[in-house]
Number of protein chains: 2
Amino acid sequence: MMDYSQGQGELANWIVSETAFSADTLGKGEAVMVLGNGYIGLRSAAEEPYIKEKRNLFINGTFNKSQKNEVTELPNLADVTQLDIRIDGERFSLEFGETKNYIRQLNLKTAELTRMFEWVSPKGKGVRFHFKRFVSLDNLHLIGMKMEIESLTDPIDVSVESGINAQVTNSGAQHFLEGERRIAENRFIQLVQTTNESSIDVVLNTVHNIIINGEKVTAHADKDMDRRKVWLTHDFSLRRGDKLEMEKLTTVHTSRDGNASAEGCDLQGFREQSLKELRQRADEGYDALFLSHKQAWQEKVWDACNIKIESDSGFDQLALRFALYQLTAMAPAHDDRMGIGAKALSGEGYKGHSFWDTEIFILPFFIYSNPAAARSLLTYRYRGLPGARQKAADNGYAGAMYPWEMAWPSDGEVTPVWGDIDIVTGDQTKIWSGFIEQHISADIAFAVYQYENITGDRDFMEHCGYEMVFSTADFWASRLEWHSDRRTYMITDVIGPDEYKEHVSNNAYTNYMAYFNMKLAVRYYEKLKDENPELLRKFEVDNAYREWRAKADLLYLPQPRKEDYVIPQDDTYLQLPDIDLTKYKNQTKVRTIYRNYNAEQINGFQVTKQADTLLLFYLLGQTFLQDDERLSEAVKRANFNYYEPRTLHDSSLSLATHVIIANDLGEKELAYSLFRKACEVDLGPQMDTSDDGVHAASIGGIWKAAVFGFAGVRLADGVLRINPRLPKHWHRMQFSIFWQGQALAIEITQKALKVTASDNRSVIIETGGMTYEMEDTMEVQFREIRPHSSSTVR
Amino acid sequence: MMDYSQGQGELANWIVSETAFSADTLGKGEAVMVLGNGYIGLRSAAEEPYIKEKRNLFINGTFNKSQKNEVTELPNLADVTQLDIRIDGERFSLEFGETKNYIRQLNLKTAELTRMFEWVSPKGKGVRFHFKRFVSLDNLHLIGMKMEIESLTDPIDVSVESGINAQVTNSGAQHFLEGERRIAENRFIQLVQTTNESSIDVVLNTVHNIIINGEKVTAHADKDMDRRKVWLTHDFSLRRGDKLEMEKLTTVHTSRDGNASAEGCDLQGFREQSLKELRQRADEGYDALFLSHKQAWQEKVWDACNIKIESDSGFDQLALRFALYQLTAMAPAHDDRMGIGAKALSGEGYKGHSFWDTEIFILPFFIYSNPAAARSLLTYRYRGLPGARQKAADNGYAGAMYPWEMAWPSDGEVTPVWGDIDIVTGDQTKIWSGFIEQHISADIAFAVYQYENITGDRDFMEHCGYEMVFSTADFWASRLEWHSDRRTYMITDVIGPDEYKEHVSNNAYTNYMAYFNMKLAVRYYEKLKDENPELLRKFEVDNAYREWRAKADLLYLPQPRKEDYVIPQDDTYLQLPDIDLTKYKNQTKVRTIYRNYNAEQINGFQVTKQADTLLLFYLLGQTFLQDDERLSEAVKRANFNYYEPRTLHDSSLSLATHVIIANDLGEKELAYSLFRKACEVDLGPQMDTSDDGVHAASIGGIWKAAVFGFAGVRLADGVLRINPRLPKHWHRMQFSIFWQGQALAIEITQKALKVTASDNRSVIIETGGMTYEMEDTMEVQFREIRPHSSSTVR
């Protein structure tokens, strides 16, 4: 059972707790309490094994294709966390014996996971356990673990098997060749594994420090090896009151590490070097290593991009900290050759692949909070251009058609073709997204636009951004289909964001975003023609420019219906029958509808999986299309009123958008309740929602809902607009964003907005329909609440 | 805890029981109670999962190489045995709650595994469980399971997840591509898997029959799929006294099945056909299918090759039945393209590879009991000639050098190169057997000789046998090294049967067996020259014949020392220091010595892993070399007295040979105690000896120890010799053997030997130093006990 209110005093709203153990719902704690540093992701399985555990260790970017008929995925490395503990010969497990005072906690501030309890074995031996664990933000290769055992009653014998176990798989898929194992100096355990297709070498080293009653001791241990496995068995005899501390310090290095290829050292050298490093870490010990890690979190995260909320509900504050924690743990800020998977580094779900989730739901946090990391993530997409071009060519198109799921930048499309069961036929369901969910190319172009506008990073644009926008525009230009009877271009047979509608034509989201993508290319072309014609010539897009311009204006954009302003989600949606959705709108588990209907049937109802058309108002409202009357306040309200009741939020991506739009429309209560739902995707009482991993986009969405929703921060075609509308429970909200390279400290209350610029550089800010130019600090008292989209004074 | 005395009345000494459950020692019951029919091997893991379980399903001969740097092995197929059971929402497991009246039994007579107990859940719900399982000997593709659940107290909800799970591996090595899954007609679950290197398709189908209070019902079930997994969830509500029966019937077919390639049907056809077959089986139901299976065991096994013992100890009778049970379960009598693995089909140990274990320890049972199966096993070796020739060529030799470990006949050597930890260096130990343990080629030649002499099967000799003997003789002729200083051929740098001595020269066993092999080739040549010169010409071995003859006579054969008749095991053994072996001779776990010394150190002591030199007396005593004075009674005794104290029996192959020799020498007490030890390799109180699987050669050795040892049956160069010497605890022993195509019923008491021939064909039998010719029945009263090897009157 989860509890978010255990933190007291200084730690209030910093602690995610699990106050009772249940072997039936392990996935929740494992994923929600995942540890990571963007390089390593370590799922928080308990030390002692359980039947339903998922023991995952991922290193970002180490993609591999296990078998020829599978897609590449992020492999599950050898496990170092499992400890097989025996107390007087009895296996230690919380599934039997008696457990008292159980508490497991993730401290978001220090990114340390702890677990404490007393356990009475079936034979009646009382023992106090205290486990600690962190994945260092100071040394990306380091995992620290510590176990304390104290005998509470009788003298006890304690036996601990601990080592490195490469028998693990990704749900049965083995990614690694069996590699060499050794135990150096009776103490340093090393295991090498190499991915079987991408040939990435992984070297794991681990060492134990044994401390008894505060004294570091040299303990004898039995040495063992099995297939893909090497371990030590330590045996101890503890008297009543004796305290055993066992530290386990592990390092992981791979031949894909940034410096590995640079240094070009061979595997043997690599093994020796990593062992040497661990020897040093072993001497430092858990506590010293943890201190450096904790300082890194303070400096890199909490001093840099904290959000503080004064609220009636401490949970809101905790959820925002949780979002910042997770976003830090998942982001490969150290390496621009890798992205963020849909389940971050916390589970095997979606195989570590990057979706539009990154650009539309996660990237905004980094653009506003850590522009360097944002650039790194966008550079990953730039590196993906060859794969995207290949996908376009394979499909008979020009330009760059980004893969729906991306892993190795050069690989292009890696979406699997077959999915879950079709409950009607009993066969596997075909996954069409990799073939026809095409909006992602425009989503990436939007992200480039957003990044450029907020950061002003010209260097990125010149080296990557323009090319990405031009290439995706090229794709759309070739993708459009001319319908001479209607004298218009159309986009048929696609899936929009609403994946409950497959093989639709003229999905509004797709068409509008394609239009935006081409129009953006036109603008960039024209801008470069003025500002940097030399660079423009290199792109050789003169003909393309004419094509973008001509075709964009002839692209069919579904219009708001005259009678009710509803924009048809696609050519057929509004003609489909409605069904009673009450059951699904009130569902406690997502995708309940699949228990009653298969994909083909769901395709035939007016039911929407997730924000689709509504996204246009949020996204394009930030662009040069903001004043398009098809995106006006009235149209937005009409569409929200139409689509919200038909949207099941069966994708975790959905809620944040609805929060933002609801807030924009003044639907404060609804906005806040949707925000809580968004927080509860991972932090809610449902214990099985995060089994496959946390919902990275939803977590990005928590931040978005707070900053873009309640704080009303919004890009408006190059201008910063801030129209706060705090929930009534919130009294104060403080956070920082980066705007054009300068940090702006923003403080919002129910009555006023205060902005303080770090560098005293002039900033234009729109708020309450007025435009202000500020240098140092500005403070605005709200007179009344106005919709954001009211026209502004320039 | 194992108990072998639970069978009562008609079932006395037929029942292997486990009377208490322990999650710490699952391997014992899983392996010892394995179910099989020579095609399927199904390790007996419990239905409900446990942390330390090994859930194995093997199909003989479906070898695959999981990764490029591993050797081929027998892959672990998808699991069908696991049932995830919940009682009122609580997971069912014997690790918690309260278990009463637990008993698990393997009925050797009917080859059915049953498990019964009452369980009170932690919440206090009382339930009676009764599980049954068999692997059909009537239909090789069929696995039958049945579960009965009865509520003893309150009404309860029962939930059962059951399906096919291909997430399993061989200790981390995944052999299969992810395959298609489906659930046809809401009921028939099908999963396809294909080995990733050898491209063998496997189709598993499973179906459930639900019977409530005796009525077959149509039950709704939820359908689910995950990666490599497909299953149904059934939910039931039982009132007090209600009885739920759930049958699960599974079929397995592979594209390597004998008829599969013959019919040449495609995978799709294969899938439809196997599903159709299961539809019929589903209608028959567990009980009817079990009846056909039980009848097959009676007819094919117990009516054909039973051994009956009247003894003070029922355990001896049970152990012999256990041996026959296991030998039947492991032998691929249906297909001569496959062999028997060192752990049979009961575990992942030794990867399903065939060693000399088959020819020297297992084959004798089949030669005497089921000559067709023996021929099938030898044909597998005949099919291995191309691989053996390749190995010879790769090593610069002529002829056929059989691989130390064999899987696919064409592959040649498949011994892995790296093994367990070297406790001194901490690195992996190199396994040298695949390079230099070469006696197997002569062992196979011996097996051909033995098979020919006992069966008189000329057809086999002409199609396979002669070529095998000539080709292995060719190998030895090329293998011998001429030492001109000593004017002799030697064989240096080998491993003999005693694997504790690596890189030795002139291992007595190897040299004598090579000598035998070449001499045998000479004899066959000369015989064929007389009897079938046309066939002989086809072999083109005239030059080879001269070489065999010349070289054999110049091969150095270590002579008994003049002073004590001890034959040096190799050139250096007798010069090595002795160490105190008391600790290891009294060990409860084999290979304890490795806890103190590494391979290099053990190489330097007079310590022997297993019967080595002593094997010569047993093997060559059956051949035309029986009268060689180097193998005389006195030499045999001297060598037994020297080597027995130095032999740790750290290989399960060792004991049977020592039983036979001890019995030959009149050491009846020692022989009997070694026999009990041999039975206890798998059936003993040590609970972890069989974790990797049962010891196939040791099981063959139980039969050998009884029939060759106590009953004194022995081939003597074409003649049947029977010199019984029953242990004093044994009052009567009855069994049948095949001799020259005729069944001989043999009955032995402490006082007399009676032989009855089934076909009234004349048989020559030597016993008590006399030679008898019998047609119908003969009965001989023993006057006194004589050593077997005394000279006989012809």
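**Entry 1: two helices of chain B**

I began with helix 10 (residues 458–479) of chain B and helix 13 (residues 542–554) of chain B, and I found that their axes come within 10 Å and cross at roughly 55°. I noted that this angle makes helix 10 of chain B oblique to helix 13 of chain B, because angles of 65 to 115 degrees would be needed for roughly perpendicular and angles under 35 degrees for roughly parallel. I should add that this is a predicted model.

I then looked up the handedness, and helix 10 of chain B passes helix 13 of chain B in a left-handed crossing. On the side of helix 10 of chain B, the contact is made by B:Phe470, B:Ala473, B:Asp474 and B:Ala477, while helix 13 of chain B brings B:Ala544, B:Glu547, B:Trp548 and B:Lys551. When I sorted the residues of this contact, I had five nonpolar and three charged, with no polar ones.

**Entry 2: where chain B touches chain A**

Next I turned to the two chains, where 37 residues of chain B are in contact with 37 residues of chain A. I saw that strand 14 (181–184), strand 18 (221–226) and strand 22 (418–421) of chain B each supply at least two residues of the side that touches chain A. Strand 14 of chain B gives the most to this side, with four residues. Sorting the whole side of chain B that touches chain A, I obtained twelve nonpolar, eleven polar and 14 charged residues.

**Entry 3: an annotated stretch of chain A**

Finally I checked the UniProt annotation, an unreviewed entry, which places "domain: Glycoside hydrolase family 65 central catalytic" on residues 321–704 of chain A. Over residues 321–704, chain A is 51% helix and 3% strand, and I noted that the end C-alpha atoms are 13 Å apart.

Definitions and conventions
Residues numbered from 1 in each chain as written. Chains lettered and ligands numbered in written order. Predicted model: local features only at pLDDT ≥ 70, side-chain atom pairs only at ≥ 80, totals over all residues. Axes fitted to C-alpha atoms, helices over the stretch in contact; angles between N-to-C directions. Parallel < 35°, antiparallel > 145°, perpendicular 65-115°, else oblique. Left-handed = near helix turned anticlockwise from the far one by under 90°. Contact = placed C-beta atoms within 7 Å. Nonpolar A, V, L, I, M, F, W, Y, C, P; charged D, E, K, R; others polar. UniProt positions renumbered as here; feature names shortened; annotations may be inferred.
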